[in-house]
Amino acid sequence: MKKLVPLILLVLAVVFAAGCDLAGITVTSSTQPPAINSFGAGPPTIAAGESSTLSWSVVGATMVSIDQGIGNVALSGSRVVMPSATTVYTLTATNAAGISTTATAQVIVTGAPSPPTPAALPVVNSFTASPPSIIVGELATLSWNVSNATSVTIDHGVGTFASSGNALVSPAATTTYTLTATNAAGATVPATAQVIVTGAPSPAGEPDLVIQDISRSGDIISYTIKNQGDATAGLSTSTLFVDGVVAANDSVGSLAAGESKTETFTGYVYDCTLPGDAVEVQADTGGAVAEGSEANNSHSESWSCLILGPIRTLKLPDLVIEDIWLVHEITGDKIYYKIKNNGDGAAGATTSELYLFPCLGSCLPVATDSVASLAAGESRTEKFGSYNYTGAGWSVGVKVDTTGAAAEWDEDNNSLSKPEADL
């Protein structure tokens, strides 16, 4: 009987070592490391300020973590990242026995963030003083209308205001007020309005020329000049300055006391320089008229380029597809794409379509994606989430705004296609 004991022990050792079922107990090894089926970044290369999506799939792990401050994550999923420089992300999968497996994914960052487009800046639609010329002790009203701004301030202690409104001022001397419009990104755009202040009425028998207003119709600039003195003003010359540079001159006929007229800079074609211009008109250039006051001959305004007359408006969207790529997700292979609004106006909700090429006859979309509104200059990563890509040797194309919901500057740049090898 004693000889059978070692034999029985040997049989039991073989059974347990083989991981067989004995009396309902299954014995398995815990030395198998976790398996990382996939870990990648899409797109792998971005410009500074853009985003990439990390995607991963792991089995056989009790804990999964990603460095660079991301921390613990689920066994499978995705995470949007926006590194400021080229970054290698390391995923670590650990099982119950403490055995770990790692994988890396790199996001290459190139260039610097694109500067804001003019449309992304605040827009000062108007900033005026009325009347533009007052006598000491009188009041003038500053009025303004601003778009795409989170704050509006006016210097000389006037204050901070909403995007549109007015404020009373009574400067003791001729004053140029500067309005500063700031958007959510901290970008600022200034505009100025001048209030001309005169003392007592001009001495009897002397003219006094002032510019009351500057206006434009398309590319033609006009202005209103007044003789607010007590005597006739003889022939004079008015000068137009654009951004401090002489742009044109205009000969003005005689003006009786109290008379005003609207003049035009004939022969000069105005072309605004983005994002806007400082425009000034000066009366009596050269001092041909002996006036009661020589200190109130000019008037200046700040003009935005976003609206140039009734026929040209830059506030239109322009949707483009910047890139297409493939991401291996746990639920299947998904087609991602990056859409951007290159225009100067917001684009409402649109629909994108996915195509596979070549195709017979008229190509039909294999999937669609609803895209939410995009502000001017905004870009976003989208995917055809309900479609699993199984193509082999195909070219993939994405077209945005297929229903024509957005009225764009350019309707011919809405699509992009790439061969499968480049996805």
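1. Let's start with the small sheet. Strands β11, β13 and β16 make an open sheet of 3 strands in the order β11-β13-β16, and the pairing is antiparallel. The edges are β11 (123-130) and β16 (164-169), each of which pairs on one side only. From one strand to the next, the twist averages 15°. Bear in mind as you look at this that you have a predicted model in front of you.

2. Staying with that sheet, have a look at how β11 meets its neighbour. β11 and strand β13 (residues 140-147) run antiparallel and share 7 bridges. If you want a pair to click on, take Phe127, whose bridge partner in β13 is Trp144.

3. Now, how far to trust the model. The chain has an average pLDDT of 82, and 86% of the residues score at least 70. Confidence bottoms out in strand β2 (residues 25-26), where the mean is 39, and is highest in strand β29 (residues 367-371), at 94.

4. Two stretches deserve a pencil mark. Over residues 1-29 the pLDDT stays under 50, and the model has 10 contacts beyond four places in sequence for them. Residues 307-313 also have a pLDDT below 50, with 7 contacts in the model beyond near neighbours in sequence.

5. On to the aromatics. There are 4 aromatic pairs in the structure. One of them is Trp325 with Tyr336, which is stacked, at 5.9 Å centre to centre with 25° between the planes. Trp325 belongs to strand β26 (residues 319-329) and Tyr336 to strand β27 (residues 332-341), so this pair links distant parts of the chain, 11 residues apart. Are these two residues buried or exposed? Both Trp325 and Tyr336 are buried.

6. The charged side chains come next. Searching the whole structure turns up 6 salt bridges. Among them is Glu322 with Lys338, where the closest N and O atoms are 3.8 Å apart. Glu322 sits in strand β26 and Lys338 in strand β27, so the salt bridge ties together parts that are 16 residues apart in sequence. As for exposure, Glu322 counts as partly exposed because its relative accessibility is 35%, whereas Lys338 counts as buried because its value is 9%.

7. That salt bridge has company. Glu50, Glu322 and Lys338 are joined into one network by salt bridges that share partners.

8. Strand β26 has another charged link. Which residue forms a salt bridge with Asp323? The partner is Lys418, and the closest N and O atoms of the two are 3.0 Å apart. Lys418 lies in strand β32 (residues 415-419) and Asp323 in strand β26, and the pair links distant parts of the chain, 95 residues apart. With a relative accessible area of 17%, Lys418 is buried. Asp323, at 21% relative accessibility, counts as partly exposed. Those two values fall on either side of the cut-off, because buried means under 20%.

9. One more salt bridge to check: the side chains of Glu378 and Arg380 meet at 3.4 Å, N to O. Glu378 is at 29% relative accessibility, so it counts as partly exposed.

10. If you have time for one strand, I'd open β26. Trp325 in β26 is half of the aromatic pair with Tyr336 in β27, Glu322 in β26 is tied to Lys338 in β27, and Asp323 in β26 is linked to Lys418 in β32.

Conventions:
Residues numbered from 1 in each chain as written. Predicted model: local features only at pLDDT ≥ 70, side-chain atom pairs only at ≥ 80, totals over all residues. Heavy atoms only, no water. Phe/Tyr/Trp six-rings, centres within 6.5 Å; stacked < 30°, edge-to-face > 60°. Helix = DSSP H or I, 4+ residues; strand = E, 2+ residues; numbered from the N terminus. Buried < 20%, exposed > 50% of the residue type's maximum accessible area, 1.4 Å probe, protein only. pLDDT = per-residue confidence, 0-100. Contact = heavy atoms within 4.5 Å. Salt bridge = Lys/Arg side-chain N within 4 Å of Asp/Glu carboxyl O. Pairing = 2+ DSSP bridges. Axes fitted to C-alpha atoms, helices over the stretch in contact; angles between N-to-C directions.
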